[in-house]
Amino acid sequence: MSPPPVDSHPEPLPETPPPRPGGVPWRFERTAHSLPEVYGSIAVPTTASFWKKLLAFAGPGYLVAVGYMDPGNWATDIAGGARYGYALLSMIMVSNLMAIVLQALSARLGIASGRDLAQACRDAYSRPVTIVLWVLCEIAIAACDLAEVLGAAIALHLLFGIPLIFGVCLTALDVLIVLSMQHRGFRWVEGLVVLLILGIAGCFAVELWFTQPNLVDVARGFVPSSEIARNPDMLYIAIGILGATVMPHNLYLHSSIVQTRKYTDDEASRKEAIRFSTIDSTIAFDDAYKLLSPLLGTTMASVLFATALLLSGQNATLTGTLAGQIVMEGFLSIRLRPWLRRLITRLIAIVPAIGVLVIYGDRGTGPLLLLSQVILSLQLPFAVFPLVVFTGDRAKMGNFAAPLWLRAIAWPMAVFIAALNAWLLWQTLTGGS
């Protein structure tokens with residue numbers, strides 16, 4: 001199936017929003033769904049067993065869990081392990097718990113309202129605010145893409161001896177992978193992501209077998225330390241870990257791709273969809289977390305490391321392309337063909353990567369990778385606060401509004417993320433005094 005042309009609308013835009021069944025008043029403006037070529041394209045059996053239904057909903061969670069395995073995440077974890085051993089494992093654990101809750105809210109928003117997070121922001125906020133949120137999200141996507149570019153270039157250098165600057169240029173060709181997968185259907189995209197995750201898991205398993213990390217030290221690393229807040233360098237890496245794990249644009253992504261499942265519009269079906277989607281994303285994040293966290297502070301063999309790094313970069317390429325389409329369609333109602341959207345984003349990432357390599361050489365890649373993930377964290381509050389507000393608003397969510405206990409968890413998380421970023425900025429401006 002070919003992607004629709006630019007600015008096409010696959011469904012009409014009624015002047016008066018229709019009433020919403022299932023106890024959910026339609027407060028959001030009704031427009032075309034994001035990623036309309038795959039919306040409702042995966043059938044969900046209505047009378048099947050629990051496990052068959054779970055299998056039908058499985059997939060989106062693994063796409064957003066790619067954030068645990070992208071090159072930027074590796075950069076922050078390796079930097080933390082090299083400088084502070086296992087001490088920052090606590091930050092990985094906290095980031096993991098936050099990601100589970102926030103992705104569950106993201107799925108709830110998409111299923112209950114039929115709107116992804118970008119569309120919900122456009123409906124709720126003024127045009128200037130919407131433009132600002134879009135720009136911030138695009139910066140986050142470009143920062144993530146920068147990590148993918150550098151990670152893939154490093155992997156190609158380790159595997160084949162290709163100079164980093166040429167490896168960076170070669171990464172522009174991965175648009176062909178994205179284009180071919182989306183033409184085959186969304187299940188193909190999900191299948192490729194899961195296949196790449198299995199490849200990464202295999203590399204990790206072999207590495208763990210050889211490295212044999214000290215489990216007592218690993219356990220101690222999960223205990224939070226006040227030194228993270230006192231030490232500016234440690235805080236900088238911790239912020240990078242948070243941004244690399246939660247990844248703001250993945251919140252936009254998840255709220256859209258859960259709508260690829262074809263469930264009915266009644267209350268019971270949507271409630272069931274929310275339950276299975278939450279299970280899917282929780283299992284996917286737990287799996288990724290268990291694979292990644294023991295690697296903090298270990299030394300990995302170059303071939304396995306490079307192979308897993310290359311696979312993770314391709315995974316992040318797929319999800320980054322989808323997220324880019326979603327935020328552009330959701331915030332601005334502009335549709336670009338996937339290959340064009342991907343090419344623009346990748347070119348934006350290639351320019352600073354080449355600039356750093358020319359000026360600083362290979363030694364500049366590590367700091368640039370870490371900086372890209374800190375940028376992701378700084379953008380997080382601008383995605384998290386709207387998400388928490390929307391999903392807790394009964395006027396928008398009706399019977400599917402987040403319950404009090406879930407809001408009691410989500411709001412402190414949002415405040416913690418904002419406070420941590422504000423503290424980093426303060427430490428930076430005052431020189432850590």
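1. Rings of Phe, Tyr and Trp, the last taken by its six-membered ring, are treated as a pair if their centres lie within 6.5 Å. On that basis, F50, W51, F57 and F276 form one aromatic cluster in this predicted model, and the structure as a whole holds six aromatic pairs. Among them is the pair of F50 and F276, which is tilted, with 5.2 Å from centre to centre and 45 degrees between the planes. Since F50 belongs to helix α1 and F276 to helix α14, the pair ties together parts that are 226 residues apart in sequence. The two rings may also be described by their cover: F50 is partly exposed, at a relative accessible area of 35%, whereas F276 is buried, at 1%. R275 should be mentioned here as well, for it lies over the face of F276, at 4.8 Å from the ring centre.

2. A salt bridge also joins α1 and α14, in that the side chains of K53 and E272 meet at 2.8 Å, N to O. K53 lies in helix α1 (residues 50-57) and E272 in helix α14 (residues 267-292), so this pair ties together parts that are 219 residues apart in sequence. K53 counts as buried, at 9% relative accessibility, while E272 counts as partly exposed, at 22%.

3. The structure holds four salt bridges, and two others deserve a comment. Side chains of opposite charge can pair when their charged atoms come close. R115 and D123 meet through their side chains at 2.8 Å, N to O; R115 counts as buried, with a relative accessibility of 1%, and D123 counts as partly exposed, with 22%. In the other bridge, between K396 and D393, the closest N and O atoms are 3.2 Å apart, and D393 is partly exposed, with a relative accessible area of 24%.

4. As to the overall make-up, the secondary structure of the protein comes to 20 helices and two strands. Of its 433 residues, 56% count as buried. Among the contacts with a separation of 6 or more, 86% are accounted for by residues 24 or more positions apart. The protein exposes about 17400 Å², and carbon and sulfur atoms supply 70% of that area.

5. Which helix is largely enclosed by the rest of the structure? It is helix α18 (residues 381-391), because eight of its 11 residues are buried, a term that here means under 20% relative accessible area. The buried residues are P381, A383, V384, P386, L387, V388, F390 and T391. They pack against α4 (89-113), α5 (117-124), α13 (248-257), α17 (365-379), α19 (394-397) and α20 (404-430), and a reader who wishes to follow the packing around α18 could take these elements in turn.

6. On the surface, attention may be drawn to a nonpolar patch formed by I165, F166, V358, I359 and Y360, which together have about 530 Å² of accessible area. Helices α7 (164-170) and α16 (338-360) each supply at least two residues of the patch, and α16 gives the most, with three. I165, which lies in helix α7, is partly exposed, with a relative accessible area of 31%. Membership of a patch asks for over 30% relative accessible area, and the value of 31% for I165 should be read with that cut-off in mind.

7. Two backbone conformations call for a closer look. Most residues other than glycine have a negative phi. M247, however, has a positive phi, near 50 degrees, and is not a glycine; its place is in the loop between α12 (232-246) and α13, where M247 is buried, with a relative accessible area of 3%. S333 likewise has a positive phi, of about 60 degrees, although it is not a glycine. This serine is found in the loop between α15 (302-332) and α16. Is S333 buried or partly exposed? With a relative accessible area of 35%, S333 is partly exposed, whereas M247, as noted above, is buried.

Technical notes: Residues numbered from 1 in each chain as written. Predicted model: local features only at pLDDT ≥ 70, side-chain atom pairs only at ≥ 80, totals over all residues. Heavy atoms only, no water. Patch = residues over 30% accessible without salt bridge, like charges linked within 9 Å, V, L, I, M, F, W, Y side chains within 5 Å. Areas by Shrake-Rupley, 256 points an atom, 1.4 Å probe, with all protein chains shown as cover. Helix = DSSP H or I, 4+ residues; strand = E, 2+ residues; numbered from the N terminus. Buried < 20%, exposed > 50% of the residue type's maximum accessible area, 1.4 Å probe, protein only. Contact = heavy atoms within 4.5 Å. Phe/Tyr/Trp six-rings, centres within 6.5 Å; stacked < 30°, edge-to-face > 60°. Lys NZ or Arg CZ within 6 Å of the ring centre and 35° of its normal.
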